[in-house]
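Visitor: I have a model on the screen and a few questions about it. Can you walk me through it?

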Amino acid sequence: MARFAVLDVVGNHAVVREVIAMTFKDAAATVMPFGKHKGRTIDAIASNDDGLRYLDWLTGERQGQTTQLDIALAVYLRDPSIQKELGR
């Protein structure tokens with residue numbers, strides 16, 4: 001996973017913001033930090049239809065959050081092969 005620093009200018013102030021560039025492989029290997037799937041990777045959770053629907057639901061519930069988990073969920077679920085499995 002690559003991390004980049006981005007400089008934004010807000011008024012007269014410069015603000016450094018970190019941007020995480022995550023690959024599908026990185027996203028798939030991200031470990032769920034809570035709940036009944038705690039300790040499992042996103043890919044392992046998504047290995048069946050119920051798990052994949054759970055991840056899709058969780059993404060909607062966490063809308064607007066920007067943790068590493070949220071980024072991983074977004075990257076994983078936007079992959080064309082996963083979109084196809086979700087019927088999109």
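Guide: Gladly. Start with helix α3, and keep in mind that this is a predicted model. On one side of α3, Asp50 and Glu61 are exposed.

Visitor: Which residues of α3 are buried?

Guide: Look at the side of α3 away from Asp50 and Glu61, which are exposed. The buried residues cover an arc of only 120° around the axis, which puts them on the same side of α3. They are Gly51, Leu52, Leu55 and Leu58.

Visitor: What do the buried residues of α3 pack against?

Guide: The protein has five helices and two strands. From the N terminus, the order is β-β-α-α-α-α-α. The buried residues of α3 pack against α2 (42-45), α4 (68-78) and α5 (80-85).

Visitor: How far does α3 reach from its first C-alpha to its last?

Guide: Helix α3 covers residues 49-61, which is 13 residues. At 1.5 Å a residue, 18 Å is expected. The helix comes close to that, with a reach of 18 Å.

Visitor: Which residue has a side-chain oxygen within 3.1 Å of the backbone nitrogen of Asp50?

Guide: Look at the start of α3. The side-chain oxygen there belongs to Asn48.

Visitor: Which residue forms a salt bridge with Asp50?

Guide: Asp50 is exposed, with a relative accessible area of 55%. Its partner is partly exposed, at 48% relative accessibility. The two are three residues apart in α3, so about one helical turn separates them. The closest N and O atoms are 2.4 Å apart, and the partner is Arg53.

Visitor: Where is the partner of Asp56 in its salt bridge, and what is it?

Guide: Asp56 sits in helix α3 and is partly exposed, at 23% relative accessibility. The pair links distant parts of the chain, 32 residues apart. The partner lies in the segment after α5. With 2.6 Å from N to O, it is Arg88.

Visitor: Is Arg88 buried or exposed?

Guide: The cut-off for exposed is over 50% relative accessible area. Arg88 has 56% relative accessibility, so it counts as exposed.

Visitor: How many salt bridges are there?

Guide: Two have come up: Arg53 with Asp50, and Asp56 with Arg88. Arg62 also forms one with Asp70, its closest N and O atoms 2.6 Å apart. Both Arg62 and Asp70 are buried. The count comes to three.

Visitor: What does Leu69 touch, beyond residues up to four places away in sequence?

Guide: Leu69 is in helix α4. It counts as buried because its relative accessibility is 7%. Its C-alpha is 8.3 Å from that of Pro33, 36 residues apart along the chain. Leu69 touches Thr30, Met32, Pro33, Phe34, Ile42 and Arg62.

Visitor: Is Thr30 buried or exposed?

Guide: Thr30 lies in the loop between α1 (24-28) and α2. Leaving aside neighbours within four places, its contacts include Met22, Arg40, Leu69 and Ala72. At 9% relative accessibility, Thr30 counts as buried.

Visitor: Which backbone oxygen lies 3.0 Å from a polar atom of the side chain of Thr30?

Guide: Stay with the loop between α1 and α2, where Thr30 lies. The backbone oxygen is that of Asp26.

Visitor: What share of the protein counts as buried?

Guide: The protein exposes about 6000 Å², and carbon and sulfur atoms supply 54% of it. Of its 88 residues, the share that counts as buried is 26%.

Terms used
Residues are numbered from 1 along each chain as its sequence is written. This is a predicted model: local features need pLDDT of at least 70, side-chain atom pairs count only at pLDDT 80 or more; totals for chains, interfaces and linings use all residues. Side-chain values use heavy atoms; hydrogens and water are left out. Helices (H or I, at least four residues) and strands (E, at least two) are DSSP runs, numbered from the N terminus. The expected span of a helix is 1.5 Å times one less than its number of residues. Buried means under 20% relative accessible area, exposed over 50%, partly exposed in between (1.4 Å probe, protein chains only). The arc is that of the directions from the helix axis to the C-beta atoms. Contact means heavy atoms within 4.5 Å. A polar contact is a pair of N or O atoms within 3.5 Å; within protein, one must be able to donate a hydrogen and the other to accept it, and residues adjacent in sequence count only if both atoms are side-chain atoms. Accessible areas come from the Shrake-Rupley method with a 1.4 Å probe; for residues, only the protein chains shown count as cover. A salt bridge is a side-chain nitrogen of Lys or Arg within 4 Å of a carboxyl oxygen of Asp or Glu.
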